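Here is a short briefing to read with the structure open beside you. Take the topics in whatever order suits your bench work.

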Number of protein chains: 2
Amino acid sequence: MGEEVSNKQIILKHHVTGNVKECDMELKKTTIKLNVPEGSNALLLKNLYLSCDPYMRSRMSKTEGSYIAPFTPDAPIMGIGVAKVLESGDSNFQKGDLVWGMTGWEEYSVVTTSQTFFKIHDKDVPLSYYTGILGMPGMTAYAGFYEVCSPKKGETVFVSAASGAVGQLVGQFAKMMGCYVVGSAGSKEKVDLLKSKFGFDEAFNYKEEHNLDATLKRYFPDGIDIYFENVGGKMLDAVLVNMKVHGRISACGMISQYNLEQTEGVHNLFCLITKQIRMEGFVVTDYYHLYPKYLEMIIPQIKAGKIVYVEDVAEGLESAPSALVGLFSGRNVGKQVVMVSTE
Amino acid sequence: MGEEVSNKQIILKHHVTGNVKECDMELKKTTIKLNVPEGSNALLLKNLYLSCDPYMRSRMSKTEGSYIAPFTPDAPIMGIGVAKVLESGDSNFQKGDLVWGMTGWEEYSVVTTSQTFFKIHDKDVPLSYYTGILGMPGMTAYAGFYEVCSPKKGETVFVSAASGAVGQLVGQFAKMMGCYVVGSAGSKEKVDLLKSKFGFDEAFNYKEEHNLDATLKRYFPDGIDIYFENVGGKMLDAVLVNMKVHGRISACGMISQYNLEQTEGVHNLFCLITKQIRMEGFVVTDYYHLYPKYLEMIIPQIKAGKIVYVEDVAEGLESAPSALVGLFSGRNVGKQVVMVSTE
């Protein structure tokens, strides 16, 4: 029997409608026995970094038939994290391994889904990167851009939420591909980052633009070949009328809509026909078979400083609710991570 | 110099906003010299059948930057028709040839776009079919279903505007492919036709359904693999929540929206992501290279009675405005054609 230690958790108090607030979550002090149940193939994890991701909002609603099960009230919030294996009932993992996968928002977790965890082999990069550029958001940018958008050199690319966990990478991938790329974000600081750090050709603060259609025409006088959709709503409507014939839209997220009880209507879908646009939603897990190939490409680029990644790291499990809520107002600059422990 | 004869025309009086009405068009009596201008490669055509197609509504608006130029006020309406060549300045065509292509709503037309016309080789089928099953709508159904939707045996297919020029064929193609297919239409007569004549597994009158979501769940308890989109608006919203994972939507038309000055908003696009749906707009002209292959497939099926086609034929050029307007209230049963002359 393992040692019993204290285990702080962030629990969801109740299902959420409308804007998610910090008070929808609370810190709960519990204890945990540091062992894996006899005969189980579970992993006992010490959580190091937790990822705050927009999709988590939908798990906070009590939605029937969603693509992903709602969170259980009074239980810890679940999310992707980087963790250290303290004990393993699965022979594929050993004590001391570093892993990433779906864990709990707590100090220690016992997870029974070890087969969904990825072992971390390269530790020569910040460990937190496995919640971002080397994890789910990185694969999202990679699969969404290269696989869904079928980009070609010289094409014009627009990325919304462009300084976020996924968008900052899409912009850099687009530049590597020889595309012209413009990003939108919600503050001057982010817009500066897009141009100075991530190499976007142009960037704008959507909050300061009163006519998004005119804005897009300014940056894309000949139209948009590829739209990497992270926000939905009004931006999508403005993009549709500015797409080129045979344009492609990869629908990755629609963060502007997640807190709305009634989503905004999109009015310009007829453009799909007139411009023969392909709009395709995707879920990154469909592309996880490409993960080894992706790591092989991206890790050398990171080490050579050719691809950069900006994180917004909140310290301590206590800061997690605020960090998560901040995503929806765009308070984070770069990928939002919560550091629970450094080892 | 050719003989000068009277040439009745249907002209568009002015650009249209909102519902198109018969009085937006008028019959004009003109004359025409029955010859092709010296040295030109034009065709002099006697128009036999004219096609009424929903896309024509967008040419009646004064829309800048549309995919197809607006009609010119005071000039004859342009549309697809079957015609006889009376004189040809293009060596690819001879006097007496039957052709189909973009002609004028008038008795005789001189067209300078002979390269866009198709010669009619098989006259063992009703000539009017070249405005429908053997023409643009047929190719639309063929390309939209087989090329855009990537159907597989056993999949579930939903077709809106299912008794129309395109929908009735999509349903029959889906059955040939071994799919389960349901259609929606706007009257009992059309619903009966879908089931008794075109072989749809089920059909419903959308005007009698107060909750389209519930209706679709009744016919597709396990969801929809393929939606052949002809209508847009509320139907699209209801379909989105009933699609299966990895479903496909071919956006062919959105007739419910064409007369609206402000289109309805579509609210459920987030389903594209959660269900990883591909929604793709297409324009049939992108697929005209497949036309010979299509004819080779479809003509024997027609002759063998395995594929049927229902037309709604209005007699006389005078009836064309009313026939066109009727499309938008669904007055037509089957493909709407105007017979101008039988030879």
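In which sense do strand 4 of chain A and strand 5 (residues 98–104) of chain A pair, and over how many bridges? The two strands run antiparallel to each other, and 7 bridges join them. Please keep in mind that this is a predicted model.

**Strands within chain A**

- Strand 4 of chain A pairs with strand 5 of chain A, and Ile80(A) has Met102(A) in strand 5 as its bridge partner.
- Strand 4 (residues 78–88) of chain A also pairs with strand 3 (residues 43–51) of chain A, again in the antiparallel sense and over 7 bridges.
- Looking across from strand 3 to strand 4 of chain A, you will find Lys46(A) opposite Lys84(A).

**Where chain A and chain B meet**

- Each chain brings residues to the contact: 28 residues come from chain A and 28 residues from chain B.
- About 2,400 Å² is buried between chain B and chain A, and carbon and sulfur atoms account for 65% of it.
- On the chain B side, the residues that lose the most area to chain A are His267(B), Phe270(B) and Ile273(B), which together make up 23% of what that side buries.
- Three elements of chain B each give two or more residues to the side that touches chain A: strand 12 (243–251), helix 7 (270–274) and strand 13 (278–281).
- Sorted by residue class, that side of chain B holds 15 nonpolar, 9 polar and 4 charged residues.
- Between chain B and chain A there are 12 residue pairs in polar contact, counting pairs with both residues at pLDDT 80 or more.
- The salt bridge count between chain B and chain A is 0.
- Strand 13 (residues 278–281) of chain A runs antiparallel to strand 13 of chain B, and 3 bridges join the two.
- In this pairing across the chains, Arg278(A) stands opposite Glu280(B) in strand 13 of chain B.

**Side-chain links between distant parts of chain A**

- Over all chains, the structure has 28 salt bridges.
- Lys303(A) and Asp124(A) form a salt bridge, with their closest N and O atoms 4.0 Å apart.
- This salt bridge links distant parts of the chain, since Lys303(A) lies in helix 8 of chain A and Asp124(A) in the loop between strand 7 and helix 2 of chain A, 179 residues apart.
- Aromatic pairs come to 38 over all chains.
- Tyr129(A) and Tyr309(A) form an edge-to-face aromatic pair, at 5.8 Å centre to centre and with 75° between the planes.
- The tyrosine pair also links distant parts of the chain, 180 residues apart: Tyr129(A) sits in the loop between strand 7 (118–119) and helix 2 (136–148) of chain A, and Tyr309(A) in the loop between helix 8 (291–303) and strand 14 (311–315) of chain A.

Note on methods: Residues numbered from 1 in each chain as written. Chains lettered and ligands numbered in written order. Predicted model: local features only at pLDDT ≥ 70, side-chain atom pairs only at ≥ 80, totals over all residues. Heavy atoms only, no water. Contact = heavy atoms within 4.5 Å. Buried area = accessible area lost by both parts, 1.4 Å probe. Polar contact = N/O pair within 3.5 Å; in protein donor to acceptor, adjacent residues only side chain to side chain. Helix = DSSP H or I, 4+ residues; strand = E, 2+ residues; numbered from the N terminus. Nonpolar A, V, L, I, M, F, W, Y, C, P; charged D, E, K, R; others polar. Pairing = 2+ DSSP bridges. Phe/Tyr/Trp six-rings, centres within 6.5 Å; stacked < 30°, edge-to-face > 60°.
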